[in-house]
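Work through the exercises below with the sequence and the model at hand. Each task is followed by a solution in steps.

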Amino acid sequence: MTVKDVFVSAPGKAILHGEHAVVHGKVALAVSLNLRTYLRLKGTTTGKVCINLPNIDTFLCYDLSELKQLIPVSCGKREEGKRLDAELVRRLREFIGVTDGNLDTCNMATLSFLYIYISLFGSSELPSLTVSVWSELPTGAGLGSSAAYSVCLASALLCASGAIPAPLKESDQSARWCQEDLEQINSWAFQGEMIIHGNPSGVDNAVGTWGGMLRFLAGKIIPLSRVPLLRILLTNTKVPRSTKVLVAGVKDKINKFPSIMTPVLDSVDAISCTCEKILSEMTCEPITGEHYNILEELIDINQHHLNVMGVGHPSLDTLCQVTLTKGLHSKLTGAGGGGCGITLLRPETDASVVQTTVQDLKDCGFDCWETSIGGPGVQQHSPLSVKEEVLEILNRY
Ligand SMILES: Nc1ncnc2c1ncn2[C@@H]1O[C@H](COP(=O)(O)OP(=O)(O)O)[C@@H](O)[C@H]1O
Ligand SMILES: C[C@@](O)(CCOP(=O)(O)O)CC(=O)O
Ligand SMILES: [Mg+2]
């Protein structure tokens, strides 16, 4: 069986409020970024499945004959859902040689690819193909690179398997799937996230799938269409961390101190709800300085809460201190423990203030840039419409 070529991309995200608390059923507000992950799937006749992940220096090929041995008897009867097929995960872990339960960057990416590939094709014939992925997102820095990767895998493999149609018409540069197909993509991406994160809330893959700004509560996704244009500075402290480890740490703390941690999670929930209310007010009445004062206070309070949850880091404290000297307010975004933070810029924040802040943060060894938010969710592309530099990288494989 030869599958058709597919070219897709999905955006990264920034969480405005609600990271970690969202894993425990609280509200999160998240927004897509203009940084994307691109995936090219090519049907081949080599009898191999190859995966090229240049961001993480991973280049692997498997014979179809060895992958066929991994298909569990139950495969094919299974639909996407809230739980992983434990038997398939066990076989895959053994196959790639992960014995102690700990997955490194390469193993997590490989495992999630093989899991979705075998789940989708296991009940019919495994096709020979090559998947290559390139991302503009920093890996493991809180901007949802794992979700963008999982959304790309899910959309391309679902499309190649024929489970969803390819939305791109011959004359199109890029196209999006219908709501029902997006729901399927989101479900399979969530499974990829489960392998990478352990216990994901699903907010990241929802943003990667639908794009824009959304409110997420216990799997329920509400797109926020009426939001003001926000100016946000993104800073990558470049301190490496693992979402899986940080999420597990917060859970331990909640189990150890339930009566102390529950009010903190409730307070984060209230912050998300208050922020949502302010953002909505800003679209239907004249925006005032007071709106921004409240948004800034919410950022400060949430950053303290995240420190209480144990997901802060000295580099993030530095970010908050440096920006505060310019009158700007910051918090970590994503899982924390290093990685990225967001800084809210006010409409009147002068370009020179932004410039000196960026320079001060760069002097701390951080990457820092003003970002635009609200990019489109997962898309299929005609390869010719994709940025030259991305094509150049993906064409190498
Ligand atoms: N471009 C990519 N290529 C391959 N794997 C990726 C890529 N981006 C992310 N991943 C996978 O996602 C993991 C990082 O996920 P995570 O710790 O959740 O951080 P993030 O905040 O970036 O989502 C990596 O270890 C890797 O397994
Ligand atoms: C901490 C958390 O809320 C967000 C994690 O985002 P990231 O992987 O750090 O980009 C976890 C989750 O929602 O699944
Ligand atoms: Mg992640």
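**Exercise 1.** Which elements do the buried residues of α9 pack against?

Solution. This is a predicted model, in which local features need pLDDT of at least 70, side-chain atom pairs count only at pLDDT 80 or more, and totals for chains, interfaces and linings use all residues. Residues are numbered from 1 along each chain as its sequence is written, chains are lettered from A and ligands numbered from 1 in the order in which they are written, and side-chain values use heavy atoms, with hydrogens and water left out.

Step 1: fix the terms. Helices (H or I, at least four residues) and strands (E, at least two) are DSSP runs, numbered from the N terminus. Buried means under 20% relative accessible area, exposed over 50%, and partly exposed in between, with a 1.4 Å probe and protein chains only. Contact means heavy atoms within 4.5 Å.

Step 2: list the buried residues. In α9 they are H291, Y292, L295, E296, L298, I299, N302, Q303, H305 and L306.

Step 3: find their partners. The buried residues of α9 pack against β1 (6-17), α8 (258-284), α10 (314-324), β10 (329-332) and β11 (340-345).

**Exercise 2.** Compare the expected span of helix α9 with the distance between its end C-alpha atoms.

Solution. Step 1: the expected span is 1.5 Å times one less than the number of residues. Step 2: helix α9 (residues 289-308) has 20 residues, so the span should be 28 Å. Step 3: the end C-alpha atoms of α9 are 29 Å apart, which agrees. Step 4: look just past the helix, where G310 follows with a positive phi near 90 degrees.

**Exercise 3.** Identify the residues that coordinate the magnesium ion (ligand 3).

Solution. Step 1: donors are N, O and S atoms within 2.8 Å of the metal (3.2 Å for Na, K and Ca); water is not among the atoms, so sites may look incomplete. Step 2: OG of S146 and NE2 of H197 coordinate the ion, at 2.1 to 2.3 Å. Step 3: place the pair in the chain. S146 belongs to helix α4 (residues 145-161) and H197 to helix α5 (residues 179-197), so the pair, 51 residues apart, links distant parts of the chain. Step 4: both S146 and H197 are buried.

**Exercise 4.** Describe how α5 and α6 cross and which residues meet.

Solution. Step 1: axes are lines fitted to C-alpha atoms, for helices over the stretch in contact, and angles run from 0 to 180 degrees between N-to-C directions. The axes of α5 and helix α6 (residues 203-210) come within 9 Å and cross at roughly 145 degrees.

Step 2: a crossing is left-handed if the near helix is turned anticlockwise from the far one by less than a right angle, and right-handed if clockwise. That of α5 and α6 is right-handed.

Step 3: from α5, the residues Q179, L182, E183, I185, N186, A189, F190, E193 and H197 meet D204, N205, A206, T209 and W210 of α6. The contact has six nonpolar, five polar and three charged residues. Here Ala, Val, Leu, Ile, Met, Phe, Trp, Tyr, Cys and Pro count as nonpolar, Asp, Glu, Lys and Arg as charged, and the others, Gly among them, as polar.

**Exercise 5.** Is T235 buried or exposed, and what does T235 contact?

Solution. Step 1: T235 lies in strand β9 (residues 231-236). Step 2: T235 counts as buried because its relative accessibility is 0%. Step 3: leaving aside neighbours within four places in sequence, T235 is in contact with L319, G339, C340, G341, L361, F366, D367 and C368.

**Exercise 6.** Do the same for L345 in strand β11.

Solution. Step 1: L345 also has 0% relative accessibility and is therefore buried. Step 2: not counting residues up to four places away in sequence, L345 touches R231, I232, L233, Y292, L328, V354 and E370. Step 3: Y292 is one of the buried residues of α9.

**Exercise 7.** Locate D57 and A218, and give the sign of phi for each.

Solution. Step 1: D57 sits in the loop between β3 (48-53) and β4 (58-63), with a positive phi of about 50 degrees although D57 is not a glycine. D57 is exposed, at a relative accessible area of 65%. Step 2: A218 is in the loop between β7 (213-217) and β8 (220-223). Its phi is positive, near 45 degrees, and A218 is exposed at 63%.
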